[in-house]
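I opened the notebook with a few things to look up: the ligand site, the charged pairs, and how the chains sit together. Here is what I wrote down along the way.

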Amino acid sequence: MTTVRIYVTYKPSVFDPQGAAITDSVNSLGHDEVKKIVVGKFFDVTLDEDDLDKVKADVKDIAESLLVNFNMETYKIKVLEENA
Amino acid sequence: MTTVRIYVTYKPSVFDPQGAAITDSVNSLGHDEVKKIVVGKFFDVTLDEDDLDKVKADVKDIAESLLVNFNMETYKIKVLEENA
Amino acid sequence: MKQAMTPEEIKEKKPYLDWSLSEREYDYICDHLLHRLPNYTEIGLFSAMWSEHCSYKKSKPVLKLFPTKGKRVVQGPGEGAGVVDIDDGQAVVFKAESHNHPTTVEPYQGAATGVGGILRDVFSMGARPVAILDSLHFGELKNNSTMRYKMEETIKGVGDYGNCMGIPNLGGETTFDPCYNGNILLNAMNVGIMDIKDMEHGDATGVGNAVMYVGAKTGRDGIHGATFASADFSEEHATQRSAVQVGDPFMEKLLMEACLELILNHREWLVGIQDMGAAGIVSSSAEMATEGKSGMDLNLNLVPQREPNMSAYEIMLSESQERMLLCVKKGHEEDVKKIFDEFNLDAVTIGRITDDGRYVLHHDDQVVCDIPVVTLTEKVLEEKSAEKKPQRIIDAEQSENWQPNIESAGQTLKDLLNQPTIANDQFVTQQYDSQVRTDTIVGPGSDSGVLRVRHTKKAIAMTTDTNGRFVYLDPKVGGQRTVLESATNIVASGAQPLAITDCLNYGDPNDPEIFWELHQSCQGIADACEILETPVVSGNVSLYNENNGKAIYPSPMIGMVGLIKDYDHVIPMHMQKAGDKIYLVGK
Amino acid sequence: MKIAVVVFPGSNCDIDMYEAFHTVCKADVEYVSYKEKSLDGFDAVVLPGGFSYGDYLRTGAIARFSNIIPAVKKMADEGKLVLGVCNGFQILTEMGLLPGALKKNDSLQFVCKTVTLEVENTHTPFTTEYEDKELIRIPIAHGDGSYYADEDVLEELENNHQVVFRYHGENPNGSLHDIAGICNKEGNVLGMMPHPERAVEEILGGTDGLPLFKSLLKAGVQA
Ligand SMILES: Nc1ncnc2c1ncn2[C@@H]1O[C@H](COP(=O)(O)OP(=O)(O)O)[C@@H](O)[C@H]1O
């Protein structure tokens, strides 16, 4: 079993209303030191496969065909040693 | 400037319909090797502060007062060396 | 896994007290009903089924005041929802339900699952849900960011669930008062339409017929939600609470379509159907067996489970959402399963109907429960409640009528319009899809919502009304007035009032003053219903709405439905054109 | 002319679309399940609104792996008419028949109300019955209707007159260029967030959606 974490965020050019709203409310709570908050999703995918090359190929396929919409999003992959 | 990533997930006992639906559709795409997909959110918080202790205290406060719903969610914090 | 307590240990350590079963009730169960000590699973089932939420043991005498019969009533209280004839073989089906405690604790999911639950009550009758209404009562918003957050999440929860299901929201109300600071009220009402010939019942009969479980898998959600709803809600309880119930409207949409497919096109396979609401499997199965005067034998290992190692107690009391229980004619289990397969839903035979009136549960090759089913449902120890007229009302009766001193009527009007309760509630209603299904003639924001009955000239009007402050000041008149307010809302849209549903939201009924308020206000409701010929066809009771010992105002909510024979007669609320005359009628 | 209304798990404006064609326009229309593999015999296909697969993950993201999708693509390629409304528009972008994507509304809230649109292109088979620059009132009801595309894509859309409907006066969701509906280069695939099927009867508040249905049916007769 291997678990891979896929991080998905908006591309930098895309306005993220949620990040903006949260930054506003954090500032209004008095945390002026906060300059920016970026919001993203992650998917921890657990596969019944130990060959890392195969895992990476599988995960890339899953991410690119389903989990990520390249019109507005980008992604990164990380193999989790243990659940972070 | 320091950037801290806050990971938020459902507590394990809480039903996650989204994770279940995504796992189903990944399986039906032919990826039978995928056993489980857990969905989470993350927040990359950038603060104008370099003292790590202060950063951690700030971020803890922000997470607990705003970003995390303790009825259903738990969170972890990680200081990002560089944007992961 | 932790070993469950033995019957002797239960007797000694009294864990049932934490589940809101009293010592008197426990002794009655041992000495008069079972003639032995109940085991851990059994006592868990009793505490859930004997909670106010499931048994109405406190409120039953009050509910008896309501008129429930009428020319048009096809089905009054006692089933999933009330059914009222609207001519041409059609009926309108409706019920309201409260989800106050879950919404107070976890507003988004509490509100969402409140809407989900009331929908199942209606489609399990064989009706297609066509409208949602929501009656929301929050604490004060001023300088209270937590309340603002709770309000936003509650509204989102109502909206997301209904929007995803594709059922328009036609109205409701939103009020703010400090009495709800520690205890939000969420009452959701659902209205459905059906052909009377398709009506289903929640009963289980016929030896050997199958008990089938359909829908979502069972997890450890909301265990003891029913007893939780029946206990005073204080800080202390907040930490004891078990996992939150999470709504899955997509699953419910599939479940609704599958159940309607079964009921409308294959009713000959089906004996009875009931949703799993409060106290999950135990309440639905025990109620169905009781209705059918049958017994039931279930194997809990067959229940679809989301988590490993669940105990019998947890499986039976789980309040996981989007599940239904069916009684299916022997030999048609596979046919039914095929329908649910089409929608990717579980449908599993978990037991059979017997004729000995016993409720028998197997788990891991052991019999974990074997009791007469009526001990759970009909033998509940009734409790007489003490009543006392509150001093504030006695005082008020003796004092002179108060005369407001208005210096500037204009300013008073402005101040009134500034109240969040009176202010425009577009902020709320725009978050709800009010037009999907394209039958909405009048959406939210008017006296009542009006919906066309497709392919006819008929329309139905609907409204919810609550007036906690008025009922607090004079429970009886307040109760009457609430029904009248509903009726005037219905009439103002051009409809004939038909019948009502209600949610009775009160504090702790063990307080004699609160019980008096409950009794008086229900008398008022009953009187008004009698005169207006709008019987009560369904409803729900929510007691123990308290926070740290402080009760909400007595807040009965009335949901009324009316009939318009020709929708060209619908009257809109807004002014039509300049120069029209304005009349004030009444006295 | 025969029209298919595709029903996905979670579709909920399928009935409204069917009734608009069937009861109001007296057209030949049928429901088709997402499980079907063929749309042979149909001249137009409509992907209705709703929450296909609960809109879990992203709106329309899972629906595009349904059996029916290759058949929808085939119809688009053959020049037949493809209309996606609301969730249908989201599916059309996810499957790549239309460029760009639909994000969460800037308000982060679901919004249901009637808005004003300007008809920008009356040369598509869906809009011939409108006047050029006509202002129409059509209901919207969505949580994820904010149209996004990269700068170059937007420029191309504008240059090719692929923006068919634009929000007028008020932009309810943060869509770039106030985009409410776009078509493909050929003009036979239209995606829009507003619901024309909710504006076809006076009793429900207006009929500004009717010309869209009439245009579509007329195009079918001429084809
Ligand atoms: N306040 C009330 N007024 C009228 N009928 C009521 C009231 N409370 C409960 N009932 C009726 O009692 C029956 C049982 O209610 P309940 O146990 O709440 O059903 P469910 O478990 O489906 O919510 C229902 O038919 C309901 O309509």
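**Entry: the ligand's oxygen contacts**

I began with Asp121(C), where an N or O atom of the side chain is 3.0 Å from an oxygen atom of the ligand. I kept in mind that this is a predicted model. Next I looked up Glu97(C), and found one of its polar side-chain atoms 2.6 Å from a ligand oxygen. For Tyr56(C) I noted 2.5 Å between an N or O atom of its side chain and an oxygen atom of the ligand. I then checked how much of the ligand is hidden: on its own it has 550 Å² of accessible area, and the protein covers 87% of that.

**Entry: the shell around the ligand**

How many residues surround the ligand? I counted 17, and I listed the closest as Tyr56(C), Gly78(C), Glu79(C), Glu97(C) and Asp502(C). Sorting the shell by class gave me 7 nonpolar, 4 polar and 6 charged residues.

I also wanted to know which strands take part. In chain C, strands S3 (90–98), S17 (496–505) and S18 (536–542) each supply at least two shell residues. Which element gives the most to the shell? My note says S18(C), with 5 residues.

**Entry: two buried side chains in chain C**

I stayed with strand S3 of chain C for a moment, since Ser98(C) lies in it. Ser98(C) counts as buried because its relative accessibility is 5%, under the 20% cut-off. Its side chain has a partner: a polar contact of 2.8 Å joins it to the side chain of Asn540(C).

Then I moved to Asn100(C), which I found in helix H6 (residues 100–105) of chain C. Asn100(C) is buried as well, at 2% relative accessibility. The side chains of Asn100(C) and Asn187(C) make a polar contact at 3.4 Å.

**Entry: salt bridges, one within chain C**

I searched the whole structure and got 56 salt bridges over all chains. I picked out a few to look at in detail.

Within chain C, I looked at Arg120(C) and Asp275(C), whose closest N and O atoms are 3.7 Å apart in a salt bridge. Why does this pair tie together separate parts of the chain? Arg120(C) sits in helix H7 (residues 107–123) and Asp275(C) in strand S8 (residues 270–275) of chain C, so the salt bridge links parts 155 residues apart in sequence. I checked the exposure too, and both Arg120(C) and Asp275(C) are buried.

**Entry: salt bridges between chains**

My next pair was Arg454(C) and Glu19(D), a salt bridge with its closest N and O atoms 3.5 Å apart. This one crosses between chains: Arg454(C) is in the loop between strands S15 (449–452) and S16 (459–466) of chain C, while Glu19(D) is in helix H1 (residues 14–24) of chain D. Are these two residues buried or exposed? Arg454(C) is buried at a relative accessible area of 18%, and Glu19(D) is buried at 9%.

While I had Glu19(D) on screen, I compared its position with Leu216(D). Their C-alpha atoms are separated by 15 Å, with the two positions 197 residues apart along the chain. Leu216(D) lies in helix H5 (residues 210–222) of chain D, and at 1% relative accessibility it counts as buried.

Asp150(D) and Lys11(A) came next, with their side chains meeting in a salt bridge at 2.9 Å, N to O. Again the pair runs between chains, from the loop between strand S8 (146–148) and helix H4 (151–159) of chain D to the loop between strand S1 (2–10) and helix H1 (17–28) of chain A. Asp150(D) counts as partly exposed at 26% relative accessibility, whereas Lys11(A) is buried at 15%.

I also found a network of salt bridges that links Lys41(A), Glu73(A), Arg58(D), Arg64(D) and Glu94(D).

**Entry: how chains A and B are related**

Last, I laid chain B on chain A. A turn of 180 degrees and a shift of 0.0 Å along the axis did it, with an RMSD of 0.2 Å. The two copies are therefore related as by a two-fold rotation axis. Which C-alpha of chain B is nearest the axis? I noted that of Lys41(B), 2.1 Å from the axis.

Key. Residues numbered from 1 in each chain as written. Chains lettered and ligands numbered in written order. Predicted model: local features only at pLDDT ≥ 70, side-chain atom pairs only at ≥ 80, totals over all residues. Heavy atoms only, no water. Near = heavy atom within 4 Å. Polar contact = N/O pair within 3.5 Å; in protein donor to acceptor, adjacent residues only side chain to side chain. Areas by Shrake-Rupley, 256 points an atom, 1.4 Å probe, with all protein chains shown as cover. Helix = DSSP H or I, 4+ residues; strand = E, 2+ residues; numbered from the N terminus. Nonpolar A, V, L, I, M, F, W, Y, C, P; charged D, E, K, R; others polar. Salt bridge = Lys/Arg side-chain N within 4 Å of Asp/Glu carboxyl O. Buried < 20%, exposed > 50% of the residue type's maximum accessible area, 1.4 Å probe, protein only. Least-squares fit on C-alpha atoms with pLDDT ≥ 70 in both.
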